[in-house]
Every structure is written in C-alpha cells, then in structure tokens.
Amino acid sequence: MLIYRNGGGYTINGRVKIPGFGAKGFGLPVKANNAKVILNGGQRVTFLKPDGYFSFHNVPAGTHLIEVDAIGYFFSPVRVDVSARNPGKVQAALTENRRGLNELVLEPLREEQYYEIREPFNIMSIVKSPMGLMIGFMVVVVFLMPKLVENMDPEEIRKAQEEMRNQGVPSIANLMPGGGRSN
C-alpha cells in the first residue's frame with residue numbers, strides 16, 4: 001500500500017485481484033471491467049486500471065472505509081487508518097476477520113450466486129401435485145369399479161339399471177326443489 005502526502009491530503013494506492021482478470025483471449029473480459037472502488041460509502045469512487053490498480057487522491061487523515069463493487073464477486077470492506085501525526089504511517093484491516101494487511105491488495109472472498117439453481121426432475125413431484133393425485137384417483141376408479149360390479153348380485157344390478165331407465169335423463173327442473181312435480 002502506497003500512501004504519500006501531496007498538497008491537500010494523502011494518496012491511497014492499492015490493487016484488486018480478481019481471478020482471470022487481465023487474461024487475454026476470446027470472449028468477454030472477466031467481470032472486472034465494471035469493478036469500482038468506493039471510499040467512505042460513496043464519498044469518492046474510482047475505477048480499476050487495466051492492471052487492477054486504483055488510487056484515491058487528496059484523502060484527509062483519519063479512518064476510511066474502502067469497498068470494492070464488482071459484479072459477480074463479494075469483497076470484504078477494508079478499514080484504512082491514515083495517521084496525521086506520523087506521516088506515512090498507515091494501518092489497514094479487513095472488516096470481516098480483522099486481519100491486518102501489509103499492502104492494500106484486495107481479493108474476493110467468494111463469487112456471488114445471483115440465480116437460484118433449478119431443482120432436478122423428480123417423479124414424486126408429479127405424483128404429489130394436485131393434478132397427479134386426481135389422475136391417480138381416476139385410474140383407481142377405472143380399474144376398481146369393474147371389479148366391484150363383477151362382485152355385485154345380479155338382482156342388484158338389474159334394480160340399478162331399472163332405476164336409471166325410469167329416471168331418464170335428469171333435467172335442471174328435476175334438480176331444483178319442488179321442480180319436476182306436476183300438479
């Protein structure tokens with residue numbers, strides 16, 4: 001970490017290490033073209049140079065918070081203490097684990113996952129769904145009803161058939177209370 005005093009304040013220099021950043025080849029560059037470094041929650045913002053370095057100029061002495069905002073990566077914020085009494089004396093520590101840094105090199109803690117991973121296909125999900133339960137019930141009725149009819153008495157079958165013939169086709173008038181009666 002380089003800090004030196006110039007006119008109105010100090011200059012803080014550092015580097016952001018993103019895996020694959022700076023690799024040349026086909027396709028899109030590795031997610032670092034949109035990376036930005038933020039000082040004190042947006043008080044100052046800078047972007048990375050092609051080699052991954054950044055710098056803040058005219059920073060006053062005191063305690064500052066440096067954050068990296070890179071699409072697809074999560075970085076721990078870094079607390080930087082710039083001493084006004086002892087020029088050049090600087091302390092930097094990661095806020096996640098309070099580990100001190102000798103040089104200001106920021107690396108991502110992890111890659112961020114923005115999308116939910118789709119669940120794999122499971123046959124039980126179809127069976128447990130309402131539509132699956134209805135289909136299962138209908139299949140049981142289709143195969144079970146003929147077995148029940150075979151076990152019925154022939155007299156009961158004849159009675160049921162006669163009742164159906166006598167009733168005929170039901171109409172809405174027969175379904176209504178008091179309907180279907182003739183005076």
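The legends below describe close-up views of a predicted model.

**View 1. The largest nonpolar core and the strands that supply it.** This core holds 21 residues, and among them Val16, Val37, Phe54, Ile66, Phe75 and Leu106 touch the most other members. At least two residues of the core come from each of strand 2 (9-16), strand 3 (36-39), strand 5 (53-59), strand 6 (62-69) and strand 8 (78-82).

**View 2. The surroundings of Phe54.** Phe54 counts as buried because its relative accessibility is 1%, which lies under the 20% limit for that class. When its neighbours within four places in sequence are left aside, the contacts of Phe54 include the run of Ile12, Asn13, Gly14, Arg15 and Val16, together with Val37 and with Thr46, Phe47 and Leu48. Leu104 and Leu106 are also in contact with Phe54, and Val16, Val37 and Leu106 appear with Phe54 among the core residues that touch the most other members.

**View 3. The aromatic pair of Phe54 and Phe56.** The structure holds one aromatic pair. The ring centres of Phe54 and Phe56 are 5.9 Å apart and the ring planes stand at 70 degrees, so the pair is edge-to-face, given that planes over 60 degrees apart fall in that class. Phe56, at 3% relative accessibility, counts as buried, and Phe54, at 1%, counts as buried too.

**View 4. Arg110 over the ring of Phe74.** The side chain of Arg110 is placed over the face of Phe74, and the distance to the ring centre is 4.4 Å.

**View 5. Asn40, with a positive phi.** Most residues other than glycine have a negative phi. Asn40, although it is not a glycine, has a positive phi of about 55 degrees. Asn40 is located in the loop between strand 3 and strand 4 (44-47), where its relative accessible area of 28% makes it partly exposed.

**View 6. Asn58, with a positive phi in strand 5.** Asn58 is another residue other than glycine with a positive phi, here near 55 degrees, but its place is in strand 5 rather than in a loop. With a relative accessible area of 40%, Asn58 is partly exposed.

**View 7. The segment annotated as a transmembrane region.** An unreviewed UniProt entry places the feature "transmembrane region" at residues 131-149. In the predicted model, the chain over residues 131-149 is 100% helix and 0% strand, and the C-alpha atoms at the ends of this segment are 27 Å apart.

Notes
Residues are numbered from 1 along each chain as its sequence is written. This is a predicted model: local features need pLDDT of at least 70, side-chain atom pairs count only at pLDDT 80 or more; totals for chains, interfaces and linings use all residues. Side-chain values use heavy atoms; hydrogens and water are left out. A nonpolar core is a set of buried Ala, Val, Leu, Ile, Met, Phe, Trp, Tyr and Cys residues joined through side-chain atoms within 4.5 Å. Buried means under 20% relative accessible area, exposed over 50%, partly exposed in between (1.4 Å probe, protein chains only). Helices (H or I, at least four residues) and strands (E, at least two) are DSSP runs, numbered from the N terminus. Contact means heavy atoms within 4.5 Å. UniProt positions are given in the numbering used here, feature names are shortened, and annotations may be inferred rather than shown by experiment. Rings of Phe, Tyr and Trp (its six-membered ring) pair if their centres lie within 6.5 Å; planes under 30 degrees apart count as stacked, over 60 as edge-to-face and the rest as tilted. A charge sits over a ring if NZ of Lys or CZ of Arg is within 6 Å of the ring centre and within 35 degrees of the ring normal.
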